[in-house]
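Grab a coffee and work through these short exercises on rings, charges and surface. Try each task before you read its solution.

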Amino acid sequence: MNTGERGENTLGTEKNVQTVKDFFAAIGRGDKKSLLALVAEDIEWIIPGKDWPLAGTFRGHAELADLLETAARSIETSTEPREFVAQGDRVLVVGFASGRIKATNKTFEDDWIFAITVRDGRLTSIREYVDTQALAQAAQSDSSALR
């Protein structure tokens with residue numbers, strides 16, 4: 001069977017989607033070892049916003065491990081990827097999350113999109129598009145609430 005260039009691209013795209021699905025499965029299981037195995041050594045993960053514990057830019061395995069520890073300490077969340085859209089080395093994941101910020105005991109709901117780049121079977125870049133206002137409000141104590 002001659003797959004040709006188009007077939008190879010489709011196969012590569014399917015592999016990239018599966019890698020991203022495996023990544024989200026590892027997040028869901030809390031499996032840090034598997035998660036780190038799926039990301040490149042020079043991974044860059046950008047989480048927008050301020051005034052909530054997980055906002056920032058994280059680079060490399062060490063910073064990613066720190067992010068995972070911060071997340072475990074500060075937030076309880078259930079993340080549900082609902083749709084995967086892929087082209088070449090890019091995979092967009094559309095999903096929903098709900099959870100609670102532990103420090104304030106406030107809950108949140110968040111529709112999100114992750115823009116992920118996969119190269120050589122590893123995630124090299126993650127850029128989140130999240131409801132930063134909902135997350136910041138849940139992270140604020142009542143004494144510092146927006147007026």
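A residue counts as buried when its relative accessible area is under 20%, and as exposed when that area is over 50%, with partly exposed in between. Keep in mind that this is a predicted model.

**Exercise 1.** Decide whether F114 is buried or exposed.

Solution. F114 has a relative accessible area of 6%. The cut-off for buried is under 20%, so F114 is buried.

**Exercise 2.** Work out how F24 pairs with its aromatic partners, F23 and F114.

Solution. Start with the overall search: the whole structure has six aromatic pairs. One of them joins F23 and F24, with 5.6 Å centre to centre and 85° between the planes, which is edge-to-face. Now check burial: F23 comes out at 0% relative accessibility and F24 at 8%, so F23 is buried and so is F24. Next, take F24 and F114: their ring centres are 5.4 Å apart and the planes sit at 45°, so this pair is tilted. Finally, place the two residues: F24 is in helix 1 (residues 4-29) and F114 in strand 5 (residues 106-119), so the pair ties together parts 90 residues apart in sequence. Ring pairs link F23, F24 and F114 with W45 and W112 into a cluster.

**Exercise 3.** Find what surrounds Y129 and L92 at the surface.

Solution. Y129 and L92 join V85, V94 and I113 in a nonpolar surface patch of about 380 Å². L92 belongs to strand 4 (residues 90-101) and is partly exposed at 35% relative accessible area. As for Y129, the charged end of R127 sits over its ring, 4.7 Å from the centre.

Methods
Residues numbered from 1 in each chain as written. Predicted model: local features only at pLDDT ≥ 70, side-chain atom pairs only at ≥ 80, totals over all residues. Heavy atoms only, no water. Patch = residues over 30% accessible without salt bridge, like charges linked within 9 Å, V, L, I, M, F, W, Y side chains within 5 Å. Areas by Shrake-Rupley, 256 points an atom, 1.4 Å probe, with all protein chains shown as cover. Salt bridge = Lys/Arg side-chain N within 4 Å of Asp/Glu carboxyl O. Helix = DSSP H or I, 4+ residues; strand = E, 2+ residues; numbered from the N terminus. Buried < 20%, exposed > 50% of the residue type's maximum accessible area, 1.4 Å probe, protein only. Phe/Tyr/Trp six-rings, centres within 6.5 Å; stacked < 30°, edge-to-face > 60°. Lys NZ or Arg CZ within 6 Å of the ring centre and 35° of its normal.
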